[in-house]
Amino acid sequence: DHQARSSALIIIGRTLSSPLPQVTTFVYGVQSGGAYNPAERNLLAICTADRGIGIHDTRVGVPLKKMVLRMRSNCLEWNPMEPMNFAVGNEDHQAYTFDMRKFEEPTRIYKGHTSAVMCLSWSPTGREFVTGSYDRTVRIFEQNKGTSRDVYHTKRMQRVFTVHYTMDHKFIITGSDDTNLRLWKARASEQLGQRTTREETAVQYRQALVQKYQHMPEVARISKSRKVPKVIKKQTATTKLQKEKEERKLSNRIKHSKPGTYKFVSERKKVVTKQVD
């Protein structure tokens, strides 16, 4: 990553080698991803191989704070419109958003992938982000919703290792293991090109109808329904079944054990296992 308003550059890896005359090296474990804060030029967030996420101040060269998650994070990116928030893609098949002022737990958990999240990219509007996964799918998440708004996949596309929004937030570029770049529309049903006033009115009317009746089960089912590969569907069903078994097991333990021995813990509180100041 690099700073937008200066010549500073960060190189993530096991070792740092550069022909530049002035290089600052941070010894912070093996890094798997990092990004400069878009508002504070000296603030740097890094994912480490010991399952940690750390905040650095490049002026002093020491970590400000660090947290350790249950599994390793593969990517990190700051929200361009809310620079105190950042999102990470994790090996546990989920993405998380964090507030840098509160490291105790994530602000939201984003589910849907059935394998590790390898990359993510925020929309320039800061209202949604796109993730690419080892399960060969691309998902678009709205910031305030934990489930994906849309999912993209093709028969030939392999594991996705890089995604990026265009600056007009209308297209998404993905790079996958099959050595291909693909260009997707951020909204699959959106018409490209100039629309007439009548067409624009019709689109707005249909969107208003969906929003008005979104609480109805049939409308919600149709608007959220997406076709996914059979493998993804089976893996999702298996994951759901395993989670139900774990919850039922914990419920039975609470019922038949001494009071206070077991208790329900919020899923968000399980994400962060340790904080290092």
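Here is a short chat about reading aromatic pairs and one loop residue in a predicted model.

Me: How is a pair of aromatic rings described?

Reply: A ring pair is described by two things, the distance of the centres and the angle of the planes. In this structure, a search of the whole model turns up ten aromatic pairs. Take Trp78 and Phe86: their ring centres are 5.2 Å apart and their planes sit at 65°, so this pair is edge-to-face. Trp78 and Phe86 are also both buried.

Me: What kind of pair do Tyr110 and Phe129 form?

Reply: That one is edge-to-face too, with 4.9 Å centre to centre and 85° between the planes. Tyr110 belongs to strand β8 and Phe129 to strand β10 (residues 128–133), so the pair ties together parts that are 19 residues apart in sequence. Both of these residues are buried.

Me: Which residues form one aromatic cluster?

Reply: Look for Trp78, Phe86, Tyr96, Phe98 and Phe103. While you're there, check Phe103: Lys65 lies over the face of its ring, 5.1 Å from the ring centre.

Me: Now the loop between β8 and β9. Is Thr114 buried or exposed?

Reply: Buried means under 20% relative accessible area. Thr114 has 12% relative accessibility, so Thr114 counts as buried. You'll find Thr114 in the loop between β8 (108–110) and β9 (117–122).

Me: And which residues does Thr114 touch, leaving out those up to four places away in sequence?

Reply: They are His93, Asp135, Ile232, Gln235 and Thr236. With Gln235 there is a polar contact between the two side chains, at 2.7 Å.

Conventions. Residues numbered from 1 in each chain as written. Predicted model: local features only at pLDDT ≥ 70, side-chain atom pairs only at ≥ 80, totals over all residues. Heavy atoms only, no water. Helix = DSSP H or I, 4+ residues; strand = E, 2+ residues; numbered from the N terminus. Buried < 20%, exposed > 50% of the residue type's maximum accessible area, 1.4 Å probe, protein only. Polar contact = N/O pair within 3.5 Å; in protein donor to acceptor, adjacent residues only side chain to side chain. Contact = heavy atoms within 4.5 Å. Phe/Tyr/Trp six-rings, centres within 6.5 Å; stacked < 30°, edge-to-face > 60°. Lys NZ or Arg CZ within 6 Å of the ring centre and 35° of its normal.
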